[in-house]
Amino acid sequence: MVLLDPTASGAPFSQRVQRCFGRSAAAYPHQARLQAAIAERLAGLLERQAPALPAGSRADLGAGSGLLAGAIERQLGGPRLLRLDSCPELLQQDCGAGAPPPQRLWDLNGGLPGDLQGAALLGSSFALQWLEQPQRQLEHWCDALAPQGVLALAVPCAGSFALWRQACGLAQVPFTGLALPEADPLIALVRGRLQLQRLQRLWFSRPNPGALAFLRQFKGIGAQASRTPRLSRGQLRQLERHWPNHIPKLSWEVLVLVARRAP
Ligand SMILES: C[S@@+](CC[C@H](N)C(=O)[O-])C[C@H]1O[C@@H](n2cnc3c(N)ncnc32)[C@H](O)[C@@H]1O
């Protein structure tokens with residue numbers, strides 16, 4: 001295992017992210033239902049690519065408890081995927097029956113490890129948005145692929161949680177969610193480097209449980225790290241007062257794509 005370098009660029013925020021995920025790691029595999037569904041979908045989209053995958057490493061970047069790696073292994077077969085993540089507690093959750101999967105503790109803000117240059121398959125689901133420079137890291141991921149190597153990516157995007165933002169505006173409290181990347185520049189970046197095979201811009205909705213329960217859902221899976229200071233009790237009360245309880249659903253925008261490097 002490679003140890004995390006706490007001085008790596010962006011270490012303070014990435015360490016907070018890691019700590020939050022670490023504290024809720026035991027609950028993650030059962031509670032991350034949207035992430036599990038997306039992992040299965042993304043693995044399914046890869047099926048057609050499988051026969052033409054070149055030889056070489058396969059990895060799940062920001063693998064967490066291994067939802068995407070496991071789905072790809074189950075649906076495609078072939079060599080196991082290396083699970084890369086900065087959170088040891090989440091990696092430890094990836095312990096199904098059989099031999100333990102290949103794992104590496106790694107901060108993706110520092111780029112990819114050298115042995116993933118020339119990779120055959122790089123997958124990543126719900127992780128890119130946590131990085132300091134999502135676009136820059138995505139460029140590295142595209143460029144690291146071998147000829148005919150495949151990128152499989154799922155990432156929540158900026159269209160998510162419009163109602164949360166609106167409620168914060170009305171309540172005049174800061175929005176404490178993560179700034180999610182815009183889908184269009186990510187698509188353009190991938191199109192400029194790889195051949196797009198599948199592209200889906202999906203909208204998922206979840207019941208609106210009210211302000212506090214909504215915020216607790218993030219904490220439940222460790223996804224509450226924020227660059228903005230936590231709301232005070234008074235601010236939370238303000239937010240509750242302006243929360244759109246009459247709107248039954250809150251929505252996520254998720255970009256899902258599969259792209260192949262030219263031969
Ligand atoms: C929402 S979880 C997604 C996990 C998994 N891919 C899934 O779909 O269930 C985000 C993951 O990104 C990882 N992560 C966040 N920042 C990271 C970084 N700088 N380097 C490596 N992993 C990181 C977290 O530890 C966490 O496992």
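Q: What percentage of the 263 residues of the protein count as buried?
A: This is a predicted model, in which local features need pLDDT of at least 70 and side-chain atom pairs count only at pLDDT 80 or more, while totals for chains, interfaces and linings use all residues. Residues are numbered from 1 along each chain as its sequence is written. A residue is buried if 20 or more other C-beta atoms, placed from the backbone, lie within 10 Å of its own. Of the 263 residues, the share that counts as buried is 37%.

Q: Over which residues is the pLDDT below 50?
A: pLDDT is the predictor's confidence in each residue, from 0 to 100. The protein averages 93, and 96% of the residues score at least 70. Where pLDDT is low, the predicted coordinates should not be read in detail. The pLDDT is below 50 over residues 1–11.

Q: Which strands stand at the edges of the open sheet?
A: Strands are DSSP runs of E, at least two residues long, numbered from the N terminus, and two of them pair if DSSP finds at least two bridges between them. The seven strands of the sheet follow the order β3-β2-β1-β4-β5-β7-β6, with mixed pairing. Two strands have a single partner each, so one side of each is left without a neighbour in the sheet; these are β3 (103–105) and β6 (195–207).

Q: Which residue in β7 does Q200 stand opposite?
A: β6 pairs with β7 (residues 249–260) over 12 bridges, in the antiparallel sense. In β7, the residue opposite Q200 is V256.

Q: Which elements do the buried residues of α4 pack against?
A: Helices are DSSP runs of H or I, at least four residues long. In helix α4 (residues 67–76) the buried residues are L67, L68, A69, G70, A71 and I72. Contact here requires C-beta atoms, placed from the backbone, within 7 Å. The buried residues of α4 pack against α3 (33–46), β1 (58–61), β2 (82–85) and β4 (119–125).

Q: Which strand gives the largest share of the largest nonpolar core?
A: A nonpolar core is a set of buried Ala, Val, Leu, Ile, Met, Phe, Trp, Tyr and Cys residues joined through C-beta atoms within 7 Å. The largest has 56 residues, and those with the most contacts inside it include L42, A59 and L68. Its largest share is seven residues, from strand β5 (residues 145–157).

Q: Which residues does A59 touch, not counting residues up to four places away in sequence?
A: A59 is among the residues with the most contacts inside the largest nonpolar core. Leaving out residues up to four places away in sequence, A59 touches L81, L82, L84, L116, A119 and L122.

Methods:
Two residues are in contact if their C-beta atoms, placed from the backbone, lie within 7 Å. A residue is buried if 20 or more other C-beta atoms lie within 10 Å of its own, exposed if 12 or fewer, and partly exposed in between; C-beta atoms are placed from the backbone.
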